[in-house]
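Student: I would like a close look at a single part of this model, taken slowly and with the surroundings filled in. Please keep the answer connected.

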Amino acid sequence: MSDLPSPLPPDPNEPLPFAHDESFAERFRLVLPWLVLAMFVLLWEAVVRLFHVPPFLLPAPTAIFASLVEWGPQIGDAAFATLVTTVAGFLLAIGFGVLGGVLIGSSATLYAAFYPLLIGFNAVPKVAIVPILVVWFGIGAIPAILTAFLISFFPILVNVATGIATVEPELKDVLRALGASNRQIVAKVGLPRAMPYFFASLKVAITVAFVGSIMSETVASNVGIGSLMMTASARFEVPLVFAGLVVTAVMGILLYLVAEAIEKRVVGWAMRGHR
Amino acid sequence: MPSDAPFVELSDVALAYGSTAATLAVERLNLTVAEGEFVAVVGPSGCGKSSLMKLVTGLWPASRGRVAVAGETVKGPLGIVGMAFQNSVQLPWRTVLANVMLPLEIVEPHASKLRRERATYEAKARDLLKLVGLDGYDARHPWQLSGGMQQRASLCRALVHDPRLLMLDEPFGALDMFTREELWGVLQDLWIARRPTVILVTHDLREAVFLADRILVMSARPGRILAEYRVPFARPRSLETTYLPEFTELTHELRRLIAEARVGAPTEATP
């Protein structure tokens with residue numbers, strides 16, 4: 001008799017049957033990427049051990065880690081050199097990309113004049129440019145910086161130009177009717193409006209900047225991760241090659257996170273749907 | 001008080017798109033608006049009402065004829081104009097207050113005084129926000145406001161630099177009927193408080209009759225003034241006014257004229 005639940009009123013302290021724990025879901029989402037990574041590494045290790053894959057084909061994660069420890073100082077130096085060249089090239093790309101984007105985005109004439117040339121230029125494989133850079137600047141950091149710059153410059157320019165070129169015509173009319181100059185329109189509206197586009201491009205650009213600098217280092221340098229990986233593969237130190245890859249990936253992720261953190265601070269207004 | 005000399009005067013104005021005179025937006029357009037007057041311009045779709053906006057604000061030069069504002073021929077943009085559109089085009093990265101203050105950063109003498117007298121200007125902008133019922137919303141962002149509230153902010157932005165001429169292009173066109181009628185009252189209050197000269201371009205005939213002193217009816221393209229009506233109702237007008245037989249009669253008359261103007265009009269949209 002008394003085991004029938006009373007229908008009303010419900011106990012306010014009892015959790016609703018279908019309510020799920022928000023904070024648990026949130027914490028779970030934070031550790032999820034690490035879980036996936038751990039499973040990937042475990043699977044890799046298992047495959048290598050089970051099928052007896054020789055280390056010069058695919059080294060096990062443990063072998064890569066051992067190599068990371070063994071060559072720690074050398075890898076550290078190389079990673080630092082690559083980081084410096086990449087960031088230098090990336091900063092150049094930001095400077096020229098924003099400048100070019102503002103110029104091309106705020107003038108239909110400049111856009112029509114330069115855009116085809118830029119597309120053609122972007123279509124040239126950057127690896128083909130490295131030998132020319134070597135002829136001009138010699139072996140070393142400069143071709144690596146310039147390659148990182150050349151490869152990451154285009155996405156920044158295109159995005160900034162798009163942001164500025166797509167200012168609402170009514171808004172332009174409001175400002176122009178007040179007597180605003182083109183420069184004022186770009187400063188007050190165009191640039192802030194282009195910021196979400198700019199940060200979206202930064203996340204692409206920082207990743208490809210690493211591609212550029214490491215590519216150049218493998219061909220034309222004796223410092224940096226690229227050069228280290230080249231030397232290692234010539235000596236069949238395949239675990240060390242993989243260690244270089246891992247370090248590059250980690251640096252890429254770190255710089256991506258930096259770009260994302262700045263983005264959240266500067267253009268939070270554009271991401272209002274995600275809060 | 002409105003003076004006798006026209007504040008806005010268009011004499012025999014034509015405006016052509018493109019390189020040839022093939023597409024005339026307006027032709028033989030003559031109109032005058034007295035200082036402090038509230039004029040509404042109505043007409044069939046694509047009759048060149050927006051061209052009228054561009055001509056008077058100096059955004060586009062006339063292909064023929066003369067456009068004069070405040071006694072001088074318009075040769076380029078004028079700082080004494082405030083504008084508001086159907087799309088309220090607020091800047092999402094700025095607060096409501098900073099959006100309203102945008103014209104002050106551009107129009108002289110405010111632009112050069114803004115840094116030193118920011119507090120005074122901010123107080124002024126806040127007063128305006130209060131006048132349109134946006135009290136306490138100054139630190140919000142525009143995307144946190146409803147469409148009607150954004151349009152209120154847009155009116156404040158159009159008025160913050162004390163323009164002598166207010167150009168409104170279907171400012172309430174995107175709003176629902178109740179919000180729209182509410183904003184008619186807000187606009188009327190603003191106009192009574194500050195008495196700028198207003199040119200309101202609209203498709204809504206009741207809006208024109210409710211708000212204007214005088215209504216100009218434009219023809220189909222190329223646009224000319226077909227007829228002119230004085231609106232007799234005393235101010236301030238309330239929504240009760242819109243149910244008077246005279247109100248309905250005038251609206252009806254305008255509707256008939258525009259239906260006539262549409263006959264033989266090209267069915268294409270404005271560019």
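How many helices and strands are there in chain B, and how does the sheet that contains strand β4 of chain B fit together?

Tutor: This is a predicted model, and in it chain B holds 8 helices and 10 strands. Before turning to the sheet, it helps to have the whole chain in mind. The C-alpha atoms of chain B fill a box of roughly 55 × 45 × 40 Å along the principal axes, and the radius of gyration of chain B is 19 Å, which agrees with the value near 18 Å that a compact globule of 271 residues would have. Of those 271 residues, 43% count as buried. Among the contacts in chain B with a separation of 6 or more, 73% link residues that are 24 or more positions apart.

Now to the sheet itself, which is open and is built from 4 strands of chain B in the order β2-β1-β4-β5, with antiparallel pairing. Because β2 (23–34) and β5 of chain B stand at the edges, each has a single partner strand, and one side of each is left without a neighbour in the sheet.

Within this order, strand β1 (residues 6–17) of chain B pairs with strand β4 (residues 64–69) of chain B in the antiparallel sense over 5 bridges. Two of the residue pairs can be followed by eye: Val8(B) has Val69(B) in β4(B) as its bridge partner, while Ser11(B) is matched with Arg66(B) in β4(B). As for the faces of such a sheet, side chains in a regular strand alternate between the two of them.

On to the next pairing, where β4(B) meets strand β5 (residues 72–73) of chain B, again in the antiparallel sense, over 2 bridges. Here Ala68(B) has Thr73(B) in β5(B) as its bridge partner. The hairpin formed by β4(B) and β5(B) has 2 residues between the strands, and in this hairpin Ala70(B) takes a positive phi near 55°.

A helix also belongs in this picture, since helix α1 (residues 49–57) of chain B lies across β1, β2 and β4 of chain B and runs at about 120° to β1(B).

Finally, there is the contact between the chains, to which chain B gives 19 residues and chain A gives 17 residues. On the side of chain B that touches chain A, the largest share, 3 residues, comes from strand β6 (residues 81–85) of chain B. That side of chain B divides into 14 nonpolar, 4 polar and 1 charged residues.

Definitions and conventions. Residues are numbered from 1 along each chain as its sequence is written. Chains are lettered from A and ligands numbered from 1 in the order in which they are written. This is a predicted model: local features need pLDDT of at least 70, side-chain atom pairs count only at pLDDT 80 or more; totals for chains, interfaces and linings use all residues. Two residues are in contact if their C-beta atoms, placed from the backbone, lie within 7 Å. Ala, Val, Leu, Ile, Met, Phe, Trp, Tyr, Cys and Pro count as nonpolar, Asp, Glu, Lys and Arg as charged, and the others, Gly among them, as polar. The radius of gyration is taken over C-alpha atoms; the globule rule is 2.2 Å times the number of residues to the power 0.38. A residue is buried if 20 or more other C-beta atoms lie within 10 Å of its own, exposed if 12 or fewer, and partly exposed in between; C-beta atoms are placed from the backbone. Two strands pair if DSSP finds at least two bridges between them. Axes are lines fitted to C-alpha atoms, for helices over the stretch in contact, and angles run from 0 to 180 degrees between N-to-C directions.
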